[in-house]
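Consider how a protein can hold a ligand. The paragraphs below go through the site step by step.

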Amino acid sequence: MDSLCTAALEARRHSVSPYSHFAVGAALECADGSVIGGCNIENATYGLTLCAERVAVFKALSEGIREFRRIAIATDALTLTPPCGACRQILWEFCGDIPVIAVNPRGETIQWTMSQLLPAAFDQRSMK
Ligand code: THU
């Protein structure tokens with residue numbers, strides 16, 4: 001299996017999801033080849049929950065990393081899960097048109113590009 005998918009499956013093990021019981025892991029590959037992991041972190045207010053993808057992106061940004069190559073997302077479900085709408089917006093803003101790979105516990109994958117997942121995106125260029 002692609003090591004990025006293995007990293008996403010591994011990150012999922014740290015998920016804090018006592019409300020949904022839906023564990024998600026993400027692995028973000030940076031331009032230098034390093035990989036930053038993230039998992040979903042839930043809260044009793046529900047609305048303050050953070051998705052795995054955004055945790056990974058914000059961890060990387062907070063360490064000064066600005067260039068990204070790919071992201072892999074893993075869940076416990078056999079259904080291959082694409083990122084939610086909020087995560088798509090954040091991924092587009094900070095990672096651009098990168099490949100997004102979904103992987104399930106069987107190691108099955110599907111891949112999209114960010115421009116497939118968020119066509120006609122609103123971004124800085126929309127404000128000129
Ligand atoms: N979740 C993610 O971590 N990423 C997504 O793109 C979709 C949803 C999390 C949020 C919540 O903790 C759980 O999955 C159920 O929605």
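A polar contact is a pair of N or O atoms within 3.5 Å. In this predicted model, one such pair joins the side chain of Glu-53, through an N or O atom, to an oxygen atom of the ligand at 2.7 Å. Glu-42 also takes part: a polar atom of its side chain lies 2.5 Å from an oxygen atom of the ligand. With Cys-84 the backbone is involved, since one of its polar atoms is 2.9 Å from a ligand oxygen atom. On its own the ligand has 380 Å² of accessible area, and the protein covers 79% of this.

The three residues just described belong to a wider shell. Around the ligand are Ser-20, Phe-22, Val-24, Asn-40, Glu-42, Thr-49, Cys-51, Ala-52, Glu-53, Pro-83 and Cys-84. By type, this shell has six nonpolar, three polar and two charged residues.

Next comes the space itself. The ligand occupies the largest pocket, whose volume is about 160 Å³. This pocket is lined by 14 residues, and Phe-22, Val-24, Asn-40, Cys-51 and Glu-53 are the closest to its centre. The lining is made up of eight nonpolar, four polar and two charged residues. Glu-53 thus appears in both views, as a residue with a polar side-chain atom 2.7 Å from a ligand oxygen and as one of those closest to the pocket centre.

Methods: Residues numbered from 1 in each chain as written. Predicted model: local features only at pLDDT ≥ 70, side-chain atom pairs only at ≥ 80, totals over all residues. Heavy atoms only, no water. Near = heavy atom within 4 Å. Polar contact = N/O pair within 3.5 Å; in protein donor to acceptor, adjacent residues only side chain to side chain. Areas by Shrake-Rupley, 256 points an atom, 1.4 Å probe, with all protein chains shown as cover. 1 Å grid on protein atoms, 1.4 Å probe; cavity = no way out; pocket = protein on both sides within 12 Å on 5 of 7 lines; lining within 4 Å. Sits in = over half its atoms within 2 Å of the grid points. Nonpolar A, V, L, I, M, F, W, Y, C, P; charged D, E, K, R; others polar. Points joined across faces, edges and corners; volume = space filled by probe spheres on them.
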